[in-house]
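Student: I would like a close look at a single part of this model, the sheet, and then at the charged pairs and cysteines. Please take it in one connected account.

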Amino acid sequence: MRETLVLNASFEPLSTVSLRRAVVLVMQDKAVVEHAHPGLRIRAASVDVPVPQVIRLSRYVRVPFRKRAPWSRRGVLVRDQHRCAYCGRRATTVDHVVPRSHGGGDTWLNTVASCAEDNHRKADRTPEQAGMQLLRRPFEPTPADALLSTLGVSVREGLPEWMALPA
């Protein structure tokens, strides 16, 4: 299912929602389509709406400031682009650099995406104890980075042309 970016009335990113939820918000005049998928439309008897990729709320919603992105397994896989931190192949699991049994926790800096084989080979040891080396160090994404990465957009690679600010 497609994800749609939701912007506040002030154009700041808030979250992502399903395509269905985005269309409902547009149909209820609670949001307007800022950017649509080219050539795709949703049609019904009395409705013809472009498939929204980005919507903006009509009214400003006050949101408490979030300093940190919440940790999740899905977030780690997305942050690491579904690539194993040990071998570079497709990752399907999350590995704790310092195992939970040794005091390591579910944090951005202690977890990396891993393929099942490397996760099993490392087992209940640190990478040094297992004789394995991390290809890249884990990092903590900002809340904005985490939101953009769920859409498949990387700030390090540059924003798509529809998100770029006018000069």
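Tutor: What follows treats the sheet and its helix, then the salt bridges, then the cysteines. The model is a predicted one.

The sheet is open and has four strands in the order β2-β1-β4-β3, with mixed pairing. Its edges are β2, residues 13–18, and β3, residues 31–43; each has a single partner strand, so one side of each is left without a neighbour in the sheet. From one strand to the next the twist averages 35 degrees.

Strand β4, residues 48–57, pairs with β3 in the antiparallel sense, over eight bridges. β3 and β4 form a hairpin, and four residues lie between them. Two of the pairings can be given by residue: Arg43 has Asp48 of β4 as its bridge partner, and Ile42 stands opposite Val49 in β4. Arg43 and Asp48 also appear together in a network of salt bridges that share partners, and Arg41 is joined into that network too.

β4 also pairs with β1, and here the strands run parallel, joined by three bridges. Within this pairing, Leu5 has Val54 in β4 as its bridge partner. As for how covered the strand is, eight of the 10 residues of β4 are buried, so the strand is mostly covered. Helix α1, residues 19–27, lies across β1 (3–7), β2, β3 and β4, and runs at about 90 degrees to β4.

Now the charged pairs. The structure holds nine salt bridges. One of them joins the side chains of Arg79 and Asp80, with 2.8 Å from N to O. Both ends of this pair are buried: Arg79 has a relative accessible area of 10%, and Asp80 has a relative accessibility of 7%.

Another salt bridge is formed by Asp95 and Lys122, whose closest N and O atoms are 3.3 Å apart. Asp95 belongs to strand β5 (residues 93–96) and Lys122 to helix α3 (residues 116–122), so this pair ties together parts that are 27 residues apart in sequence. Asp95 is buried, at 3% relative accessibility, and Lys122 is buried as well, with a relative accessible area of 0%.

A further salt bridge links Arg100 with Asp106; the closest N and O atoms there are 3.9 Å apart, and the cut-off for a salt bridge is 4 Å. Asp106 is partly exposed, with a relative accessible area of 36%.

The cysteines come last. The count of disulfides is zero. For Cys84, the closest cysteine sulfur is that of Cys87, 3.7 Å away, and this is too far for a bond, because a disulfide needs the two sulfur atoms within 2.5 Å. Cys87 is likewise in no disulfide, its nearest cysteine sulfur being that of Cys84. The surroundings of the two can be stated by accessibility: Cys84 is buried, at 0%, whereas Cys87 is partly exposed, at 35%.

Methods
Residues are numbered from 1 along each chain as its sequence is written. This is a predicted model: local features need pLDDT of at least 70, side-chain atom pairs count only at pLDDT 80 or more; totals for chains, interfaces and linings use all residues. Side-chain values use heavy atoms; hydrogens and water are left out. Two strands pair if DSSP finds at least two bridges between them. Axes are lines fitted to C-alpha atoms, for helices over the stretch in contact, and angles run from 0 to 180 degrees between N-to-C directions. Contact means heavy atoms within 4.5 Å. Buried means under 20% relative accessible area, exposed over 50%, partly exposed in between (1.4 Å probe, protein chains only).
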